[in-house]
Amino acid sequence: MTWHHHHVLDLDDFSREEIEAVLETASAMKEVLTRPVPKVPTLRGKRVFSLFYEPSTRTRASFELAAKTLSAEVVGITAQVSSVVKGESLLDTIKTLEALGADAIVLRHPEAGAPYLAARYCRASIVNAGDGAHAHPTQALLDIFSLRQRLGDLEGLKVVIVGDILHSRVARSNIWGLKALGARVVLCGPPTLLPISFADAYAGVEVEWDLERALEGAGAVIALRLQWERQQDLIPSVEEYVAFYQLNAQRLSRARPGALVLHPGPVNEGVEIDPEVARGPQSLIDEQVTNGVAVRMALLYLLLGGAHE
Amino acid sequence: MDPGQGLDGVRDILVGKGRVLWIGHGPPPQEPDKVLQGRGLVVSPGFVDLHCHLREPGQEEKETMASGTLAACRGGFTTVCAMPNTRPPVDSPPLVEFLKDKASREGLVRVLPVGALTRGRAGKELVEMEAMARAGAVAFSDDGHPTGSRIMRQALEFSRYLGLPVMDHCEDPELAREGQVNEGVVSLRLGLRGMPSQAEEAAVARDVAVAGLTGGHVHIHHVSSQGSLEHIRRGKEKGVKVTCEATPHHLTLTEDSLLAPIPYDTNLKVNPPLRSERERKALAEALREGLIDAVATDHAPHSLVDKLVEFSRAGPGMSNLETALGSLMALVHRGELDLLTLVARLTIGPARILGKELGSLKVGWPADVVIFDPDREWTVDPQALASRGKNTPLAGEKLKGKVMATLVGGKAAYLDPSLKLEVPESRKAKI
């Protein structure tokens, strides 16, 4: 098996083979989750800390459940970014967790690049659970896993990512992962949330400001959460956003029949996505949540488990 | 090598009483007590730095007068202009006096105080420029913060009268929006807020216009973009008193270093941010041409805790005094710049902006001299820097070009162990 990562910081350094290794392992883990007693002893004695500097329900629960299903010791920590100079710094906290015997630290942080700082000064495996607008590799892997389970090969598949691309770590990590598997990635959103330079930043990625054009022939659509707090100076109003960028049934009909709909959650129903589409037959939103646990189990297993022994 | 008087050749220099007494060939008009052999090395006027942060008073954990000026002489700088963003800021005559006093007691090189432009650097009320000038401020700057149009106009009216430059950190705040890195491919990839070079260009255009309006002398700090250079060129062509500096890092590094080998290396965080290779090349060309008048280090030492944090929380700036020559020599070694021009931009270029008798070894001028080996290789070890700021992105890098000796007012402030002041043979015989 191809695997030589000590940390999972983003997917930009993952080859196609490595992504496939994760997906294969995740399939096996998904089977574990369907057992009457979903628990295996694989990571017994390993210590996994989840360190969250941002509120999160699903990512955090998903990671902790993944680690517990593999029988690891799990400690969850909710931390706050200290604004005081003398406050405990990220590195202080990381060093403390290391001293407590951490084998892996799952880190969610509001600042881009924070996991890289942690990884540079820490022996434990760092798993990025989302850093600012930069990366959310496990979300991308579970999106890809969900698509693969339904569609098989993603080669040539047109995947539209629609929303606030500028601030989206989900979009950035998905770009790397989807490209590695040969998918065609089209980004869509209003121009203030989707600078044209995205096409230069990621070779082969297309930028399309018009959602209806973007959806032509798409095999899958990832709708992103609109975080109004962050974007209020970048879009004129939520109403305008809904009018032109909401994923609804009529727009979805421009995509390929049966095109799959994903959303990283939590969903603002009626904003970025019409409830009818979010709960409709093409939606993978609930499946994504279940698959998230399997994918995170796979990563923890690959980082801490048998792969090295 | 003394571009200030068009000198490039083998000479002997006699110094005494702190000044240059004679430059010529063969035996000097009076016998020296001691001789420093510079054979095979470049001897030039000591470098003049228009822009460095010595951090005193108030931030002694980052740098002190003693450590900062030791770093300066190791880097070949015999004059440094100390920026006023200290705690408290140097915004009144007594603080200028304090700094001069501190420098005379603890400084190893000439320290020229730059006064803040506004009280408390708050951008609202102009400082007492004339009183501060009389106390010894050589220029005015709110460096670190951009200057508003109203203040800039008032300051440049005084600049015309006082004959001193007003220096500006050019940044349109609404375009810059607290960007962390250059806006473009790299900011998008890293997910960091970008600051477009146009934020600088808009402010430069405004400054050139206001300098034209008032007849004052505006000096643009750390110019980083081709668009800014075009505004400066147009101003200079029209006879506007505008000068500018560029830093060693904007001349030698690019934003691509932020992606690899160390992603988000906070030692690469500077303001203005590192730009693209296209902008870097334009800066190197403008330096060669003379559109950029001076190299200034923007030496910005930080303590470890200021940099061992998340990128957006890290303090901006690099510890530059000791690596400046070595980095800049890369431009010479790869043919982007000739050595004489580089020396000019480190000596007479900045000295002219200050309007002082510095930066050239004319007879009667201060005997501030640097001796360097343009081909000597050395490896940057942050722990070995004299500066308290170990924040250099060049750790482990091999630089080619090293300062061997620095004389301030004729006295050796720094000597490489391989060089010695020797009593000449003739003199020994007499003893």
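This is a short tour of selections to make in the two chains, A and B. The model is predicted.

**Stop 1: the sheet in chain A**

Start with strands E5 to E9 of chain A. They form an open sheet of 5 strands, in the order E7-E6-E5-E8-E9, with parallel pairing. Now colour the two edge strands. These are strand E7 (206-208) and strand E9 (260-262) of chain A, and each pairs on one side only. Look along the sheet to see its twist: on average, neighbouring strands are turned by 20° against each other, direction ignored.

Next, zoom in on strand E6 (residues 184-188) of chain A. E6(A) and E7(A) run parallel and are joined by 3 bridges. Select A:Cys188, then A:Glu208. A:Cys188 stands opposite A:Glu208, which belongs to E7(A).

**Stop 2: the helix across the sheet**

Add helix H5 (137-151) of chain A to the view. H5(A) lies across strand E8 (220-223) and E9 of chain A. Against E9(A), H5(A) runs at about 165°.

**Stop 3: A:Leu154**

Step past the end of H5 to A:Leu154. This residue sits in the loop that leads from helix H5 (137-151) to strand E5 (158-162) of chain A. Is A:Leu154 buried or exposed? A:Leu154 counts as buried, because its relative accessibility is 0%, and the cut-off for buried is under 20%.

Show what surrounds A:Leu154. Leaving aside neighbours within four places in sequence, its contacts include A:Ile144, A:Leu147 and A:Arg148. A:Leu178, A:Leu181, A:Gly182 and A:Ala183 are also among the contacts of A:Leu154. Then draw a distance from A:Leu154 to A:Ala180. Their C-alpha atoms are separated by 9.8 Å, with the two residues 26 apart along the chain.

**Stop 4: the nonpolar cores**

Move to chain B. Select B:Val80, B:Ile220, B:Val223, B:Ile292 and B:Phe372. These residues have the most contacts inside the largest nonpolar core, which has 74 residues. Which helix gives the most to this core? Helix H12 (residues 324-333) of chain B does, with 6 residues.

Stay with B:Val80 and show its contacts, leaving aside neighbours within four places in sequence. Among them are B:Asp49, B:Cys52, B:Leu54 and B:Ala72. B:Val109, B:Arg110, B:Val111, B:Leu112 and B:Leu321 are in contact with B:Val80 as well.

Jump back to chain A for a second, separate core of 66 residues. To find this core, select A:Ile165, A:Ile175, A:Met297 and A:Ala298, which are among its residues.

**Stop 5: two cis peptide bonds**

Return to chain B and select the loop between helix H9 (248-252) and helix H10 (277-289). B:Pro261 lies in this loop, and a cis peptide bond joins B:Ala260 to B:Pro261, with omega about 5°. Go on to B:Pro272, also found in the loop between H9 and H10 of chain B. The peptide bond from B:Asn271 to B:Pro272 is cis, with omega near 0°.

**Stop 6: two positive phi angles**

Select B:Lys17, in the loop between strand E1 (12-16) and strand E2 (19-24) of chain B. B:Lys17 is not a glycine, yet its phi is positive, at about 50°. B:Lys17 is exposed, with 88% relative accessible area.

Finish at B:Arg55. Look for it in the loop between strand E5 (47-52) and helix H1 (65-74) of chain B. Phi of B:Arg55 is near 70°, again positive in a residue other than glycine. B:Arg55 counts as buried, at 7% relative accessibility.

Terms used:
Residues numbered from 1 in each chain as written. Chains lettered and ligands numbered in written order. Predicted model: local features only at pLDDT ≥ 70, side-chain atom pairs only at ≥ 80, totals over all residues. Heavy atoms only, no water. Helix = DSSP H or I, 4+ residues; strand = E, 2+ residues; numbered from the N terminus. Buried < 20%, exposed > 50% of the residue type's maximum accessible area, 1.4 Å probe, protein only. Contact = heavy atoms within 4.5 Å. Pairing = 2+ DSSP bridges. Axes fitted to C-alpha atoms, helices over the stretch in contact; angles between N-to-C directions. Core = buried A, V, L, I, M, F, W, Y, C linked by side-chain atoms within 4.5 Å.
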